[in-house]
Amino acid sequence: MSQPVITLWSDSDFFSPYVMSVYVALKEKGLPFTLKTVNLNHGEHLQPGWKGYGVTRRVPLLDVDGFELSESSAITEFLDERFAPPEWERLYPHDMQKRARARQVQAWLRSDLLPIREERSTTVVFAGEKKAPLSEAGRQSAAKLFDTASALLAHGRPNLFGEWCIADSDLALMLNRLVLNGDEVPENLAEYATFQWQRASVQRYAALSAKHAG
């Protein structure tokens with residue numbers, strides 16, 4: 001089998017949580033890829049010359065042998081099917097119901113909790129910034145996050161579904177928006193987020209962000 005030609009487009013700051021999800025997925029799969037950046041602050045993604053223009057003009061954008069795909073959860077699901085076990089590592093649980101739940105968690109984190117995403121941007125996570133206290137909407141959103149995460153992790157294990165999956169990295173990042181800002185987070189959830197953040201693939205992405213921030 002010939003080696004696939006894979007390119008991942010990222011924001012030039014490496015602050016995108018969605019780029020992180022795809023980057024982690026590629027690293028976990030052990031797939032070689034070229035990392036390219038587009039400067040969102042300068043509007044490079046809106047220019048006709050950018051490769052992603054004809055798709056959604058968003059990052060992450062993944063190109064696998066000429067097939068272009070955007071939207072991070074769609075990309076990670078594609079990678080798990082295109083580069084399937086046992087030859088490659090699994091990104092989603094083997095069990096159908098757990099796999100569906102992992103996808104639910106990913107979709108929820110991308111569509112809800114807007115006050116947290118607005119008031120605790122990923123500059124907190126990747127650049128060490130500190131933000132003002134949460135608004136009332138932010139506190140309500142944090143309470144919802146804590147309640148949902150606590151229910152998902154009520155089994156007391158370090159991963160959502162026994163073995164690690166990509167939804168663990170996504171959930172840990174959302175929690176770390178609060179943990180790393182110094183907000184009050186339930187101890188078990190803070191420990192879960194810290195444990196997930198130590199994963200080698202996550203640390204590699206964090207190092208890219210730190211290098212840029214530095």
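On helix H6, let me start with the outward side: Gln-140, Asp-147 and Ala-151 are exposed there. This is a predicted model, so everything I say about it is computed from predicted coordinates. On the other side of H6, the buried residues are Gly-138, Ser-141, Ala-142, Leu-145, Phe-146 and Ala-149. Looking down the axis of H6, you find those buried residues within an arc of 140°, so they line one face of the helix. What do the buried residues of H6 pack against? Four helices: H3, residues 96–111; H4, 114–119; H7, 166–179; and H8, 187–197.

There is also a length check on H6. The helix covers residues 136–152, which is 17 residues, and at 1.5 Å a residue it should span 24 Å. The end C-alpha atoms of H6 are 24 Å apart, so the model agrees with the expected span.

Now the chain as a whole. It holds nine helices and four strands. Reading from the N terminus, the order is β-α-β-β-β-α-α-α-α-α-α-α-α. The radius of gyration is 17 Å, and the globule rule for 214 residues gives a value close to that, 17 Å, so the chain is as compact as a globular protein of that length. Along the principal axes, the C-alpha atoms fill a box of roughly 45 × 40 × 25 Å. Of the 214 residues, 49% count as buried. As for contacts between residues at least 6 apart in sequence, 67% of them join residues at least 24 apart.

Next, the sheet. The four strands form an open sheet with mixed pairing, in the order E2-E1-E3-E4. Which strands stand at the edges? Strand E2, residues 34–38, and strand E4, residues 67–70; each has a single partner strand, so one side of each is left without a neighbour in the sheet. From one strand to the next, the twist averages 20°.

Two of the pairings are worth going through. Strand E1, residues 6–11, and strand E3, residues 61–64, run antiparallel and are joined by four bridges. Within that pairing, Thr-7 has Asp-63 in E3 as its bridge partner.

Two helices pack on this sheet. Helix H1, residues 17–29, touches E1, E2 and E3, and its direction makes about 150° with that of E1. Helix H2, residues 72–82, touches E3 and E4, with its direction at about 135° to that of E4.

The second pairing is E3 with E4, again antiparallel and again with four bridges. Here Leu-62 is bridged to Leu-69 in E4. The hairpin of E3 and E4 has two residues between the strands, and Asp-65 takes a positive phi near 50° in it.

Back to H1 for a moment. Is H1 largely enclosed or largely open? Eleven of its 13 residues are buried, so it is largely enclosed by the rest of the structure. The buried set includes Val-19, Met-20, Val-22, Tyr-23, Val-24 and Leu-26. Charged-type names appear in that set as well, among them Glu-28 and Lys-29. The length check works for H1 too: 13 residues at 1.5 Å each should span 18 Å, and the end C-alpha atoms are 18 Å apart, which agrees.Last, the backbone geometry. Most residues other than glycine have a negative phi, and most peptide bonds are trans. Where does Phe-14, with its positive phi of about 60°, sit? Phe-14 is in the loop between E1 and H1, and it is buried, with a relative accessible area of 11%. Glu-71 also has a positive phi, near 75°. This residue belongs to the loop between E4 and H2, and Glu-71 is partly exposed, at a relative accessible area of 35%.

On the peptide bonds, the one from Pro-85 to Pro-86 is cis, with omega near 5°. Pro-86 is in the loop between H2 and H3.

Technical notes. Residues numbered from 1 in each chain as written. Predicted model: local features only at pLDDT ≥ 70, side-chain atom pairs only at ≥ 80, totals over all residues. Heavy atoms only, no water. Pairing = 2+ DSSP bridges. Axes fitted to C-alpha atoms, helices over the stretch in contact; angles between N-to-C directions. Contact = heavy atoms within 4.5 Å. Expected span 1.5 Å × (residues − 1). Buried < 20%, exposed > 50% of the residue type's maximum accessible area, 1.4 Å probe, protein only. Arc of directions from axis to C-beta. Rg over C-alpha atoms; globule rule 2.2 N^0.38 Å.
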